[in-house]
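Visitor: I would like to look closely at a single part of this protein and learn how it fits with its surroundings. Could you take me through one helix with care?

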Amino acid sequence: MLQQILRAPALKALLIQVLAFPLMLLLVYGLARAGLVLPLLAVAVLQGVIAALLTWRVGLARWWCAIGLLFAPALLGASWLDLPPVVFLLAFIFLLSLYWSTFRTQVPFYPSGPRVWQAVAELVHDRPGVRLIDIGSGLGGLVLDLSRRRLDAQVSGIELAPLPWLLSRLRARLSSSRARFLRGDYEALDFADYDVVFAYLSPAAMAALWSKAEAEMLPGSMLLSYEFKIRTRAPDKTIGTTEGGPLLYIWCF
């Protein structure tokens with residue numbers, strides 16, 4: 001558990017901010033000695049730029065670079081707004097419910113889109129009664145769309161973060177959809193129960209996903225991954241859902 005925590009990108013991002021701070025102070029001091037005194041906002045932006053460069057150099061995902069860049073300016077902006085503490089508490093609760101497990105799983109909130117849903121529907125059109133699971137189903141777009149297209153299909157989604165799971169359940173109830181939404185970690189599933197497993201995760205999760213799929217998926221089943229490949233196994237098929245956009249990768253068992 002300790003090793004997993006130490007490898008977590010969130011901890012690395014925090015340590016990068018700590019490392020960037022003295023580097024920023026040295027630059028600010030050097031510029032001041034040269035006669036250029038930076039305003040506070042420029043100092044915060046400089047901290048963000050250094051943090052973003054270090055994040056890129058360490059090799060974290062691109063969204064961490066954006067977080068590193070904006071962290072210090074956002075803190076400064078929040079202090080200028082002089083908001084009551086309850087606002088920050090509510091924002092923290094909202095973000096926690098949305099990104100509940102990102103610290104551990106390294107999988108942020110990634111919504112797919114209608115073009116991807118259409119591609120998945122075409123892939124399974126010749127599979128009567130197909131059993132499909134969307135692991136990390138988010139707001140449930142793919143699951144609801146396929147359930148609407150295919151009345152014979154058994155389409156489910158599983159989501160660990162409370163807020164997206166709750167919203168997807170609400171959407172299904174309001175639309176009288178047969179889609180099922182589970183709350184939990186897909187690691188607890190048995191992939192042998194499904195004909196198709198769809199994933200839109202992150203590069204950090206792909207190795208573990210492939211190990212599970214290889215051990216549990218049955219002959220004739222398919223693993224679909226939008227945007228992110230498996231390094232150790234080339235896909236059997238690749239589909240471009242949007243021109244110049246991410247690809248949909250398919251592995252057949």
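Guide: What follows is a close look at helix α7 and the parts around it. This is a predicted model, in which local features need pLDDT of at least 70 and side-chain atom pairs count only at pLDDT 80 or more, while totals for chains, interfaces and linings use all residues. Residues are numbered from 1 along each chain as its sequence is written, and side-chain values use heavy atoms, with hydrogens and water left out.

The protein chain has 10 helices and seven strands, where helices (H or I, at least four residues) and strands (E, at least two) are DSSP runs numbered from the N terminus. Of its 253 residues, 40% count as buried, and buried here means under 20% relative accessible area, with exposed over 50% and partly exposed in between, using a 1.4 Å probe on protein chains only.

In α7, which spans residues 114-123, the buried residues are V116, W117, A119, V120, A121 and L123. Among the elements that cover these buried residues are β1, α8, β4, β5, β6 (237-240) and β7.

The helix also belongs to a wider picture, since a nonpolar core is a set of buried Ala, Val, Leu, Ile, Met, Phe, Trp, Tyr and Cys residues joined through side-chain atoms within 4.5 Å. The largest such core has 48 residues, and I135, F191 and L248 are among those with the most contacts inside it. Elements giving two or more residues to this core include α7, β1 (131-135), α8 (141-149) and β4 (196-199), and the largest share, six residues, comes from α7.

Now consider the neighbouring helix. α7 and α8 pack at an angle of about 45°, with their axes 10 Å apart; the axes are lines fitted to C-alpha atoms, for helices over the stretch in contact, and angles run from 0 to 180 degrees between N-to-C directions. The two helices are therefore oblique to each other, because angles under 35 degrees count as roughly parallel, over 145 as roughly antiparallel, 65 to 115 as roughly perpendicular and the rest as oblique.

On the side of α7, the contact (heavy atoms within 4.5 Å) is made by W117, Q118, V120 and A121, and on the side of α8 by G141, L142, D145, L146 and R149. By class, this contact has five nonpolar, two polar and two charged residues, where Ala, Val, Leu, Ile, Met, Phe, Trp, Tyr, Cys and Pro count as nonpolar, Asp, Glu, Lys and Arg as charged, and the others, Gly among them, as polar.
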